[in-house]
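Student: Please take me through one helix packing contact in close detail, and then through the parts of the fold around it. Keep it brisk.

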Amino acid sequence: MNVKTKRTLLWSLGIIAVALIGYAIYYFTAVYNQIGALQKTGDASPFKNVPTNTVAAAAPPVWTGTEPVNILLMGVDSRNSDDGEIPRSDTMLVASLDPVKKTIHLFSILRDTYVDIPGYGENRINSAITHGPNTAMKTVSDLLGIPVQYYVYTDFQGFIKLVDAVGGIDFKVEKDMHYTSAADKHVYDIDLKAGMQHLDGKTALQYVRFRHDATSDFTRTERQRAFLTAVGDKLKSTTSIMKLPDILEQINPYIDTNLSTDDLWKLASVAYDSKMSGSEQLPPNDLLDEKHVGGAAVIGVKSEDKLKQFIQDTLNKNTTDPIPVSSDSKDSSTNGPSSSSSSSSTGSSTSSSSTRSPASISGATSLSGSSSH
């Protein structure tokens with residue numbers, strides 16, 4: 001190789017190296033800035049008009065890489081809300097991350113669960129967020145018996161943007177789903193056919209919102225857990241990681257959280273290296289108590305002590321064999337919940353929610369009309 005050729009090669013390698021370094025700086029700067037903007041303050045906060053109350057949130061832990069972390073995920077329908085008004089949560093899930101076991105467990109809380117909301121008396125748990133995120137975290141923490149240190153809050157548009165930003169999700173819809181609402185001006189009508197299909201943001205929202213069948217919110221929470229698991233897997237793909245700055249920019253306006261930038265970096269690292277260990281409905285069927293309060297159907301908990309023990313048993317059990325989940329990976333045969341709610345098709349250990357008693361099904365039917373769609 002002559003001197004001129006060597007110089008040309010060195011210059012080419014140098015240019016490539018500079019380009020890679022420049023992209024790396026841009027990538028991490030963009031991601032860092034977008035993550036920092038997820039935590040909203042002042043007028044940018046969706047809770048700016050929520051009166052301050054005396055409920056204190058559990059203090060976020062000093063992260064050492066060993067403590068489990070519990071994050072309350074809340075989705076709301078803010079379409080018909082006045083500016084600054086906080087609607088009841090349409091979806092409430094708790095993601096429990098164990099950095100030692102490297103596992104993630106999802107708990108979905110039935111939104112009609114009737115609980116004590118600290119400082120505000122008894123009500124459905126989905127009303128807790130209307131009093132601010134501290135109250136919502138405290139309510140869930142008291143019910144489950146575990147510290148809930150963080151929250152992530154979004155609305156329908158945030159969910160739509162997230163699914164679209166990752167390029168949609170290939171997912172098997174377990175049955176035909178159809179629902180229309182003139183009250184919503186048909187903006188959020190549901191019309192899905194059974195079978196494997198590519199769901200974009202709008203059709204994915206239809207899938208996770210559908211509750212107009214005999215088992216109502218029970219199977220809906222299963223669908224939500226299965227689909228969120230699939231979204232999590234898609235976010236781990238190489239393509240999504242490369243697009244992370246753009247993904248964060250798309251969803252940023254619709255997200256609020258108390259996670260700091262450093263906390264998000266650390267937890268994202270833990271989540272990336274972790275596997276889904278399972279998911280559960282709360283309260284599980286054997287602790288579910290159907291009752292009426294003021295003429296309205298609600299869900300009670302037969303024994304809060306037993307519910308807390310159920311949470312501990314679930315989180316402490318061995319999880320050496322992570323459950324396969326629906327995703328856009330090479331194996332796309334994993335389905336959403338089947339029409340019979342079989343846990344084998346959801347790909348999650350929903351033993352507590354996959355077998356429903358006749359009483360639970362009848363109760364779900366009556367509850368389907370007890371709160372907004």
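Tutor: Take the contact between helix 3 and helix 4. From helix 3 come Phe 156, Phe 159, Ile 160, Val 163 and Asp 164. They meet Gly 201, Lys 202, Ala 204, Leu 205, Val 208 and Arg 209 of helix 4. By class, the residues of this contact are 7 nonpolar, 1 polar and 3 charged. Remember that this is a predicted model.

Now the geometry. Two packed helices are described by the angle between their axes and the distance between the axes. Helix 3 covers residues 156-165 and helix 4 covers residues 201-209. Their axes come within 8 Å and cross at roughly 125°. The two helices are therefore oblique to each other. Their crossing is right-handed.

Next, the sheet. It is open, with 6 strands in the order 11-6-1-2-3-12 and mixed pairing. Strand 11 (255-257) and strand 12 (275-282) are the edges, each pairing on one side only. Ignoring direction, neighbouring strands are turned by 20° against each other on average. Within this sheet, strand 2 (residues 89-98) runs antiparallel to strand 3 (residues 103-109), and 6 bridges join them. Ala 95 has Leu 106 in strand 3 as its bridge partner. Helix 3 packs on this sheet too, touching strand 1 (69-76), strand 2 and strand 6 (150-155). The direction of helix 3 makes about 90° with that of strand 6.

For a second helix pair, look at helix 2 (residues 133-144) and helix 9 (residues 304-316). Their axes come within 7 Å and cross at roughly 90°. Helix 2 and helix 9 are therefore roughly perpendicular to each other. Asp 142, Leu 143 and Leu 144 of helix 2 meet Glu 304, Leu 307, Lys 308 and Ile 311 of helix 9. That contact divides into 4 nonpolar, no polar and 3 charged residues.

There is also a hairpin. Strand 4 (residues 114-117) and strand 5 (residues 121-124) pair in the antiparallel sense over 4 bridges. Tyr 114 has Arg 124 in strand 5 as its bridge partner. The hairpin has 3 residues between its strands, and Gly 119 in the turn has a positive phi of about 90°.

Last, confidence. The chain averages a pLDDT of 77, and 74% of the residues score at least 70. Over residues 319-334 the pLDDT is below 50, yet this stretch has 36 contacts beyond near neighbours in sequence. Residues 338-373 also stay under 50, with 92 contacts beyond four places in sequence. Where pLDDT is low, the predicted coordinates should not be read in detail.

Notes. Residues numbered from 1 in each chain as written. Predicted model: local features only at pLDDT ≥ 70, side-chain atom pairs only at ≥ 80, totals over all residues. Heavy atoms only, no water. pLDDT = per-residue confidence, 0-100. Contact = heavy atoms within 4.5 Å. Pairing = 2+ DSSP bridges. Axes fitted to C-alpha atoms, helices over the stretch in contact; angles between N-to-C directions. Parallel < 35°, antiparallel > 145°, perpendicular 65-115°, else oblique. Left-handed = near helix turned anticlockwise from the far one by under 90°. Nonpolar A, V, L, I, M, F, W, Y, C, P; charged D, E, K, R; others polar.
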